[in-house]
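Have the model open as you read. This report moves from one helix to the sheet, then to the cores and some single residues.

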Amino acid sequence: MQQAAARLRAAGDDSPHVCVRALVQAITGLDRTGIILAGPRPLAPEPAARLEGAVSRRCAGEPLAHILGQKEFFGRDFAVTADTLIPRPETELLVELALQHMQEAEARQPDGLPLRLADLGTGSGCIGITLLAERPRWQGLLLDLSPAALAVARRNARTHGVEPRLRCLAGDMTQAPLAPRSLHLLVSNPPYISAAERHEVMADVLRHEPHAALFSPADGLAHLQAACHAAAASLLPGGHLLLEHGWRQGEAVRHILTRSGFVNVTTHTDLAGHERCTQGRLLR
């Protein structure tokens, strides 16, 4: 493990020991305590070869989540592939806000009737599936343009026991096939990076994550605008829209929501203090 961490550090990994521990846990099935108790015991040839291969992949820049095949999000492990974005910690803010602001709607809902949500551009499904896992009375629709991404989302829905309460639908979020006045909540972490910001994106992300889920035209606002239009048409009166966006886009997104008839439009900051999520409520 020390040798592997040294290789990773030399390759530029900023958390080599954390990375190696995660790889060893995945390969051996040992937890952190088990690794400590194992002491200096050598790995058997087969797991040693697997560790060597995994470290080589990470040294070449492949994301740890792709090597492991999963990423933790809101306390749950989600399968990820090269067809989906890797869930980021800042996206958990979107889930926290949705849970918080839907409490009132849930309290008003007659017994036996579910709250209905849609997650546009769902990718791995981490947002929509987490909300359904946290709230057993909710039902959801996960929409993505990529059939391969939807296959990953379905797998995650089965893993977390929410598959009976959701539909996975292939479709373009710019023409989202949502029934009018059918939803209590619409959430989206859409593509929002502009072409001009491409140079700011980490090289590993550009090489290994789907560009269709990263970049959006019109200064990065096209898909955010589309999600807002879809919400204005599909939300019930009093329904909520929650969008993740780039840290420079808060003012523009607030303008989009206000112009589309949303009220109580508010932008929330992530742990780094950057404007990250904007919400609004539809009254009409």
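Helix H8 spans residues 126-134, and seven of its nine residues are buried, so the helix is largely enclosed by the rest of the structure. The buried ones are Cys 126, Ile 127, Gly 128, Ile 129, Thr 130, Leu 131 and Leu 132. Note that this is a predicted model.

**The sheet**

What does the sheet look like? Seven strands form an open sheet with mixed pairing. The strand order is S5-S4-S3-S6-S7-S9-S8. Strand S5 (166-170) and strand S8 (262-269) are the edge strands, and each pairs on one side only. From one strand to the next, the twist averages 15 degrees. H8 packs on this sheet and touches S3, S4, S5 and S6. The direction of H8 makes about 170 degrees with that of S4. An angle over 145 degrees counts as roughly antiparallel.

Helix H13 also meets the sheet. H13 lies across S7, S8 and strand S9 (275-282). Its direction runs at about 10 degrees to S9.

Now take strand S6. Six of the six residues in S6 are buried, so the strand is mostly covered. S3 and S6 run parallel and are joined by four bridges. S6 and S7 also run parallel, with five bridges joining them. Three residue pairings from these strands are set out below.

| Residue | Opposite residue | Strand of the opposite residue |
|---|---|---|
| Leu 120 | Ser 188 | S6 |
| Asp 119 | Val 187 | S6 |
| Val 187 | Leu 242 | S7 |

Val 187 appears twice. Asp 119 stands opposite Val 187, and Val 187 has Leu 242 as its bridge partner in S7. In a regular strand the side chains alternate between the two faces of the sheet.

**The nonpolar cores**

Which residues touch the most other members of the largest nonpolar core? They are Leu 120, Leu 178, Leu 186, Leu 235, Leu 241 and Phe 262, out of 30 residues in that core. The elements giving two or more residues to this core are strand S3 (115-120), strand S4 (138-144), strand S6 (183-188), helix H12 (222-234), strand S7 (235-244) and helix H13 (250-259). H12 supplies the largest share, six residues.

Apart from this core lies another one, of 29 residues. Its members include Phe 78, Leu 115, Leu 132 and Ala 157. Leu 132 is also one of the buried residues of H8.

Back in the largest core, look at Leu 241. Leaving aside residues up to four places away in sequence, Leu 241 touches Leu 186, Ala 227, Cys 228, Ala 231, Leu 235, Leu 257, Phe 262, Thr 278, Gln 279 and Gly 280.

**A helix pair**

How do helices H1 and H4 pack? Two packed helices are described by the angle between their axes and the distance between the axes. The axes of H1 (residues 2-10) and H4 (residues 45-59) come within 9 Å and cross at roughly 15 degrees. That makes H1 roughly parallel to H4, since angles under 35 degrees count as roughly parallel. The crossing is right-handed. On the H1 side, Ala 4, Arg 7 and Leu 8 make the contact. On the H4 side, Glu 52, Val 55, Ser 56, Arg 58 and Cys 59 do so. In an α-helix there are 3.6 residues a turn, so residues three or four places apart point the same way.

**Single residues to inspect**

Two residues have positive phi without being glycine. Arg 181 has a phi near 50 degrees. Its place is in the loop between S5 and S6. At 34% relative accessibility, Arg 181 counts as partly exposed, because the partly exposed range lies between 20% and 50%. Asp 219 has a positive phi of about 60 degrees. This residue lies in helix H11 (residues 217-220). With 65% relative accessibility, Asp 219 counts as exposed, because the cut-off for exposed is over 50%.

Is Gly 34 buried or exposed? At 16% relative accessibility, Gly 34 counts as buried, because buried means under 20%. Gly 34 lies in helix H3 (residues 32-38). Glu 92 is 58 residues apart from Gly 34 along the chain. The C-alpha atoms of the two are separated by 30 Å.

Note on methods. Residues are numbered from 1 along each chain as its sequence is written. This is a predicted model: local features need pLDDT of at least 70, side-chain atom pairs count only at pLDDT 80 or more; totals for chains, interfaces and linings use all residues. Side-chain values use heavy atoms; hydrogens and water are left out. A nonpolar core is a set of buried Ala, Val, Leu, Ile, Met, Phe, Trp, Tyr and Cys residues joined through side-chain atoms within 4.5 Å. Buried means under 20% relative accessible area, exposed over 50%, partly exposed in between (1.4 Å probe, protein chains only). Contact means heavy atoms within 4.5 Å. Two strands pair if DSSP finds at least two bridges between them. Axes are lines fitted to C-alpha atoms, for helices over the stretch in contact, and angles run from 0 to 180 degrees between N-to-C directions. Angles under 35 degrees count as roughly parallel, over 145 as roughly antiparallel, 65 to 115 as roughly perpendicular and the rest as oblique. A crossing is left-handed if the near helix is turned anticlockwise from the far one by less than a right angle, and right-handed if clockwise.
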